[in-house]
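Work through the exercises below with the structure open beside you, and try each task before you read its solution.

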Amino acid sequence: MKNLALVAALGLSALAMPALADDYPQRDIDLVVPFAPGGSVDTTSRIIAETANSILEGGELVVVNRGGGGGIVGQTSVSMAAPDGYSILAMTSSVVTNPLMKGATYSIDDFRPVALYNLDPEVIAVPMDSPFETAQDFIDAATAEPLSIVVAGIGTSHHLSGLAIERVTDMTFNYIPTSGFGAQVQAVVGGHADGALWPMGEAMAQAQAGGVRLLAIAQEERNPDFPDVPTFQEAGIDIPIFATFRGWAVPAGTPDDVVATLSNLMQSVYEDEAYRERMTNAGFVPVFRDADAFQAVISDYATRTGAIIEEAGLGQ
Amino acid sequence: MDAILLGFQTLATPMVLFMLVTGLFAGMIVGSIPGINDNIAFAVFIPFSFAMPPDQALALMVGVYCAAATGGAIPAIVIKVPGTASSLLTAEDGNAMARKGMAGRALSIAITSSVIGGIISSIVLLFFAPSLASVALRFGYVENFALAILGLSSVVGLLRGNVIKGAIAAIIGLTVATIGFSPVTGFPRYTFGNINMIEGIPFVPLLVGLFGVAALLDLMVDIFRDRKDNKPLSKLPEIGSLLLPRALMRRLWPVWLSGAAIGNVIGMLPGAGMLMAIFLAYDNAARRFRRLYAGKPGEEAWGEGVPEGVAAPESANNAVTASSMVPLLSLGIPGNSTSALFIGALALHGMVPGPLLFSQHGNIAWMIIVAFLVANLLMWPVAFLVIRSVSKSIFSIPKEVLVGVIAMLCFIGAYSDGANTFNMWVALVAGLVAFVMRMTKIPLGPAILGLVLGPQLESSLNNSLLISRGDWLVFIDPINHPISAGMIFVSALLWIVPVVLNFLPKKAA
């Protein structure tokens with residue numbers, strides 16, 4: 001009887017002990033994708049999970065789709081999950097803007113960044129038969145009179161990138177909100193609008209296929225696949241980088257060693273050549289930034305967009 | 001031609017063909033169960049497909065996609081419950097035929113129409129995809145607005161007698177469609193602070209409610225009525241002979257061809273979808289029927305068991321499946337929400353739909369195209385097998401048990417779209433609303449059309465006017481927007497002609 005009590009007490013204390021990196025993970029880890037299956041976050045998460053599970057010991061990374069509310073439902077669920085490392089959010093830039101614009105109840109401080117795996121810079125794309133051959137043509141035209149520019153929706157990061165451009169140049173845009181990338185391609189390739197602000201990941205295939213022309217890319221250095229396309233700064237738009245990001249975050253309060261374990265896991269995944277090839281084929285440039293560097297990216301994005309949201313009166 | 005052969009070679013491996021046939025059976029069953037549709041089936045399946053080779057995964061999806069549009073007709077005819085939204089109209093004449101002891105004939109017409117519609121559009125996809133893709137590109141915001149107007153106008157033809165109730169239904173649909181983000185301002189509206197409604201009422205659970213849950217309530221009323229009258233439960237109609245007389249085939253050919261043509265055109269246009277195709281085809285067939293057969297001896301009244309009423313929507317909805325792949329494969333633009341899920345499945349296997357697909361993964365691209373043709377050819381025997389075996393046993397289940405089974409499937413289906421419990425509430429409330437609408441004889445069709453076309457109407461109108469700088473004449477501009485002008489003109493005729501005919505003196509019969 002005494003022994004049994006002892007065993008029970010030991011068992012209880014083992015449960016109550018904080019997870020140490022040595023014995024983490026002991027069971028499967030949920031990687032929560034706050035969207036339905038089939039989207040970019042879902043696709044990249046599954047590619048990561050496949051490689052991660054060949055490395056991870058003690059448990060599996062399980063992709064869980066928790067859609068609804070434009071990502072807010074799944075994001076909120078992770079913000080309220082136990083900070084034990086068994087709930088990871090596939091975190092996108094919308095985590096920064098949703099509390100400001102869409103009334104999400106969590107705050108960005110409810111999450112602790114783990115690692116970044118993809119940065120998707122904004123590009124200016126025009127139809128192939130557009131009169132704008134260069135970024136300068138485009139800038140001149142948009143300075144003379146507003147150009148009709150397709151964006152994914154009012155208040156999306158692509159709309160915000162347009163507002164950011166308007167802030168630092170004399171250009172003006174007439175935003176055409178079009179949901180769904182397919183419909184946007186139809187509008188631009190079909191020549192129904194003057195151009196679009198798109199994420200590079202999705203624009204790339206259309207540009208390579210010759211449906212659209214890229215005029216400028218919002219990142220610090222030129223893209224090796226498009227050596228002739230200038231960066232925003234080279235084109236005369238003073239924005240060094242404007243990119244949506246994809247990474248991992250865990251609930252605030254998750255122990256340091258667990259975050260380190262997950263960050264190291266992501267690094268090992270990144271170092272796998274087959275993984276990088278799969279990501280590239282799916283249209284996403286694989287990168288790796290650890291927790292601190294990812295935090296810096298998030299803070300930079302938050303500062304940049306916070307000011308724009310306030311100026312444009314998009315907050316609520 | 002080499003490319004097509006390559007597609008056949010990829011398809012003609014035992015495992016890939018096996019997956020295609022499995023998909024056909026699965027799709028037929030998924031389609032024939034109210035409350036579950038191809039969207040839900042894909043949402044559940046896509047994560048699994050990650051572990052499969054791409055050719056097998058996509059073959060299975062093609063099978064499910066083609067067969068689900070056909071399977072929906074089975075419960076529509078037998079118990080007047082559309083298995084999928086695309087068989088909404090089939091339930092009218094199809095079930096009327098079944099009640100007159102011709103369930104087998106109605107089912108046979110539905111399947112044959114589906115197969116013919118599917119084959120025609122597969123052939124179009126096989127040979128004309130690249131040239132037709134450029135037609136899809138001509139559809140900008142202005143054309144999409146005109147198309148939505150045309151779709152809504154097709155309802156007029158369906159509203160003999162109860163125009164007011166039809167209008168109420170359309171307004172209900174359009175109103176519900178305004179919930180969620182305003183595309184114009186980016187602010188949420190009518191969400192009552194509920195985060196789950198921020199992108200609008202989730203559409204898949206909504207359909208589950210309108211068709212599945214509402215059917216459930218209907219069945220329960222039936223059971224209570226029978227109990228009250230102390231009668232043994234009324235039996236479901238016998239399926240009976242599936243043979244189609246030759247004269248009937250001859251009579252239906254023009255309907256099949258025009259239904260397939262409408263489905264082909266609508267399927268290619270992004271944002272239109274199956275519902276618009278079935279409404280236009282049904283409306284078109286109704287006009288032809290009134291011109292040629294109505295009032296003749298031995299003919300039923302429209303809506304009370306006319307074979308054209310089954311043939312038109314069924315040939316149109318299956319024509320949409322293959323043709324919705326035209327813009328998807330050649331441009332990366334999905335024709336409807338189901339074909340959009342193919343993008344996800346392709347992306348999981350490192351492929352991006354669009355022009356590059358043919359150069360980088362030609363075998364897969366052509367296999368998908370060829371698979372549509374083969375799927376539609378194989379669908380005929382599969383459909384008869386399913387009706388003779390599975391459907392027969394499903395419909396021989398006692399009604400009380402059927403209610404429980406459908407209830408469970410509806411809520412699982414609603415939940416599995418996003419793993420969100422809110423969806424189950426959506427399905428329940430939508431089911432109650434649809435049930436009340438049926439009790440008060442407000443037609444469901446116009447409401448669904450309003451629901452589907454509402455967002456397209458609003459955002460295409462807004463965007464057209466933004467681009468034209470507020471000039472409303474763009475919609476009827478015959479030089480820059482001839483397609484739009486044409487569609488607006490036809491829509492106007494749909495409204496005006498019945499009114500004018502009413503005022504003309506009636507011809508002596």
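**Exercise 1. Backbone geometry in two loops**

Task: Find where B:Lys80 is placed in chain B, and state what its phi value is.

Solution: In this predicted model, begin by locating B:Lys80, which sits in the loop that joins α5 (73–79) to α6 of chain B. Next, read the backbone angle of B:Lys80: phi is near 60°, which is a positive value in a residue that is not glycine. To judge this value, recall that most residues other than glycine have a negative phi, and that most peptide bonds are trans.

Task: Now turn to A:Pro25 and say in which loop this residue is found, and which peptide bond leading to A:Pro25 is cis.

Solution: A:Pro25 belongs to the loop between α1 (2–16) and β1 (29–33) of chain A. The bond to inspect is the one from A:Tyr24 to A:Pro25, which is cis and has an omega near -5°.

**Exercise 2. The overall form of each chain**

Task: For chain B, list the helices and strands, and then decide how its radius of gyration relates to the value from the globule rule.

Solution: The first step is to count the secondary structure of chain B, which comes to 20 helices and two strands. The second step is to compare the radius of gyration of chain B, 22 Å, with the 23 Å that the globule rule gives for 509 residues; the two are close, so chain B is as compact as a globular protein of that length. As a last step, the box filled by the C-alpha atoms of chain B along the principal axes is roughly 65 × 55 × 55 Å.

Task: Repeat these steps for chain A, asking how many helices and strands there are and what radius of gyration the chain has.

Solution: Chain A contains 12 helices and 10 strands. Its radius of gyration is 22 Å, and this agrees with the value near 20 Å that a compact globule of 316 residues would have. The C-alpha atoms of chain A, again taken along the principal axes, fill a box of roughly 85 × 45 × 30 Å.

**Exercise 3. Two domains within chain A**

Task: Describe how domain 1 and domain 2 of chain A meet, and identify which side chains form the salt bridge between A:Glu311 and its partner.

Solution: Start from the assignment, in which domain 1 of chain A covers 22–119 + 244–312 and domain 2 covers 121–235. The contact between them takes 12 residues from domain 1 of chain A and nine residues from domain 2 of chain A. Measuring over C-alpha atoms is the next step, and the centres of the two domains of chain A are separated by 27 Å. Together the two domains bury about 930 Å², with 67% of this area on carbon and sulfur atoms. On the domain 1 side, A:Thr244, A:Gly283 and A:Ile308 supply 43% of the area buried against domain 2 of chain A, more than any other three residues.

Then look for charged pairs: the rule finds one salt bridge across this interface, in which the side chains of A:Glu311 and A:Arg167 meet at 2.9 Å, N to O. A:Arg167 lies in helix α6 (residues 157–168) of chain A and A:Glu311 in helix α12 of chain A, so the pair ties together parts that are 144 residues apart in sequence.

**Exercise 4. The interface between the chains**

Task: State how many residues of chain B and chain A are in contact, and what kinds of residue chain B brings to the interface.

Solution: First, 44 residues of chain B are in contact with 46 residues of chain A. The area buried between the two chains is about 3,500 Å², and carbon and sulfur atoms give 61% of this area. Within chain B, the residues that lose the most area to chain A are B:Phe50, B:Tyr141 and B:Ile195, which together account for 15% of what that side buries.

Second, consider the polar links: the count between chain B and chain A is zero salt bridges, while 11 residue pairs are in polar contact. Several helices of chain B each supply at least two residues to the side that touches chain A, among them α3 (38–49), α6 (90–137) and α19 (444–468). Finally, sorted by class, the side of chain B that touches chain A has 28 nonpolar, 12 polar and four charged residues.

Definitions and conventions:
Residues are numbered from 1 along each chain as its sequence is written. Chains are lettered from A and ligands numbered from 1 in the order in which they are written. This is a predicted model: local features need pLDDT of at least 70, side-chain atom pairs count only at pLDDT 80 or more; totals for chains, interfaces and linings use all residues. Side-chain values use heavy atoms; hydrogens and water are left out. Domain bounds come from an automatic or database domain assignment. Contact means heavy atoms within 4.5 Å. Buried area is the accessible area (1.4 Å probe) that two parts lose on being put together, summed over both. A salt bridge is a side-chain nitrogen of Lys or Arg within 4 Å of a carboxyl oxygen of Asp or Glu. Helices (H or I, at least four residues) and strands (E, at least two) are DSSP runs, numbered from the N terminus. The radius of gyration is taken over C-alpha atoms; the globule rule is 2.2 Å times the number of residues to the power 0.38. A polar contact is a pair of N or O atoms within 3.5 Å; within protein, one must be able to donate a hydrogen and the other to accept it, and residues adjacent in sequence count only if both atoms are side-chain atoms. Ala, Val, Leu, Ile, Met, Phe, Trp, Tyr, Cys and Pro count as nonpolar, Asp, Glu, Lys and Arg as charged, and the others, Gly among them, as polar.
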